[in-house]
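Here is a short report on one protein chain. Look over the sequence and the model first, then read on.

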Amino acid sequence: MKTTYKQLLILLALPFFSANAQNKTTDYAVVSGKITNPVEGKELKISNRKENKNITVKINSDGTFQETIKLDKPGYYSLQYVKSNLIYLQNGMDLKIAFKGAEKTPKYEGKGSIENVILYLKDSLNNSMVG
């Protein structure tokens with residue numbers, strides 16, 4: 001079990017190194033997407049305590065949203081809508097996230113989706129092992 005966990009961590013690290021070498025021209029990441037059947041009164045928040053960033057993203061009446069985030073360096077951010085999820089952002093990413101109403105599992109697409117799917121699976125695995 002420990003060997004499998006170590007292999008998973010190695011696989012998680014590989015995309016970060018290769019993607020980091022490719023993205024040197026932009027100083028921002030774009031996070032956009034759609035919430036199908038949005039929960040009334042709920043907001044989408046993106047935050048990073050280390051960078052002291054707290055962003056409230058406007059959700060349009062049709063459930064779409066988009067935010068451009070200027071990044072000094074890559075990092076992990078808390079994405080909060082119904083449930084809190086950890087996402088990874090770095091310059092040059094164009095991450096598209098879809099939520100279905102109150103469903104807690106986000107769907108990732110676009111540039112940066114692979115890293116975030118792996119991060120979501122890792123986080124889910126850790127939570128299931130802890131209890």
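A residue is buried when its relative accessible area is under 20%, exposed when that area is over 50%, and partly exposed in between. Asparagine 48 has a relative accessible area of 7%, so this residue is buried. The model discussed here is predicted.

## The chain as a whole

The chain holds two helices and eight strands. Along the sequence, the elements run α-β-β-β-β-β-β-β-β-α. The chain has 131 residues, and 36% of them count as buried. Its accessible surface is about 8300 Å². Carbon and sulfur atoms hold 53% of that surface.

Contacts across the sequence deserve a word. Take those in the chain with a separation of 6 or more: 56% of them join residues 24 or more positions apart.

## The largest pocket

The largest pocket encloses about 340 Å³ of space. Its lining is made up of 13 residues. Nearest the centre of the pocket lie Ser47, Asn48, Arg49, Lys50 and Tyr76. Two elements, β2 (44-48) and β5 (75-81), give two or more residues each to this lining. Which of the elements gives the most to the lining? That is β5, with five residues. By character, the lining of the largest pocket splits into four nonpolar, five polar and four charged residues.

Two of the residues nearest the pocket centre, Ser47 and Asn48, can be followed further.

Asparagine 48 sits in strand β2. Its side chain reaches two backbone nitrogens. One belongs to lysine 50, at 2.9 Å. The other belongs to glutamate 51, at 2.7 Å. Leaving out residues up to four places away in sequence, asparagine 48 touches Lys53, Tyr76 and Tyr77. Tyr76, one of these partners, is also among the residues nearest the pocket centre.

Serine 47 is in strand β2 too. Is this residue buried or exposed? Its relative accessibility is 17%, under the 20% limit, so serine 47 counts as buried. With residues up to four places away in sequence set aside, serine 47 touches Lys53, Asn54, Tyr77, Ser78 and Gln80. Lys53 and Tyr77 are thus partners of serine 47, and both are also touched by asparagine 48.

## Loop residues

Three loop residues can be set side by side.

| Residue | Loop | Relative accessibility |
|---|---|---|
| Asparagine 37 | between β1 (28-36) and β2 | 63% |
| Asparagine 52 | between β2 and β3 (53-57) | 63% |
| Lysine 58 | between β3 and β4 | 61% |

Why does asparagine 37 count as exposed? Its relative accessible area of 63% is over the 50% limit. Asparagine 52, at 63% relative accessibility, counts as exposed. So does lysine 58, at 61%.

The backbone adds a detail for the two asparagines. Asparagine 37 is not a glycine, yet its phi is positive, at about 55 degrees. Asparagine 52 also has a positive phi, near 55 degrees, in a residue other than glycine.

Lysine 58 lies 13 residues along the chain from lysine 45, and their C-alpha atoms are separated by 9.1 Å. Not counting residues up to four places away in sequence, lysine 58 touches Thr64 and Phe65.

## Threonine 64

The contact with Lys58 leads on to threonine 64. Threonine 64 lies in strand β4, which covers residues 64-70. How accessible is threonine 64? Its relative accessibility is 23%, between the 20% and 50% limits, so threonine 64 counts as partly exposed.

Which residues does threonine 64 contact, leaving aside its neighbours within four places in sequence? They are Gly33, Lys34, Lys58 and Ile59. Glycine 33 is 31 residues from threonine 64 in sequence. In space, the two are 5.7 Å apart, C-alpha to C-alpha.

Threonine 64 also has a polar partner close by in sequence. Its side chain makes a polar contact with the side chain of aspartate 62, at 2.7 Å.

Definitions and conventions:
Residues are numbered from 1 along each chain as its sequence is written. This is a predicted model: local features need pLDDT of at least 70, side-chain atom pairs count only at pLDDT 80 or more; totals for chains, interfaces and linings use all residues. Side-chain values use heavy atoms; hydrogens and water are left out. Helices (H or I, at least four residues) and strands (E, at least two) are DSSP runs, numbered from the N terminus. Buried means under 20% relative accessible area, exposed over 50%, partly exposed in between (1.4 Å probe, protein chains only). Contact means heavy atoms within 4.5 Å. A polar contact is a pair of N or O atoms within 3.5 Å; within protein, one must be able to donate a hydrogen and the other to accept it, and residues adjacent in sequence count only if both atoms are side-chain atoms. Accessible areas come from the Shrake-Rupley method with a 1.4 Å probe; for residues, only the protein chains shown count as cover. On a 1 Å grid over the protein atoms alone, a cavity is a set of points where a 1.4 Å probe fits but cannot get out, and a pocket is an open set with protein on both sides within 12 Å along at least five of seven lines; lining residues have an atom within 4 Å of a point. Grid points are joined across faces, edges and corners, and a volume is the space filled by probe spheres set on the points. Ala, Val, Leu, Ile, Met, Phe, Trp, Tyr, Cys and Pro count as nonpolar, Asp, Glu, Lys and Arg as charged, and the others, Gly among them, as polar.
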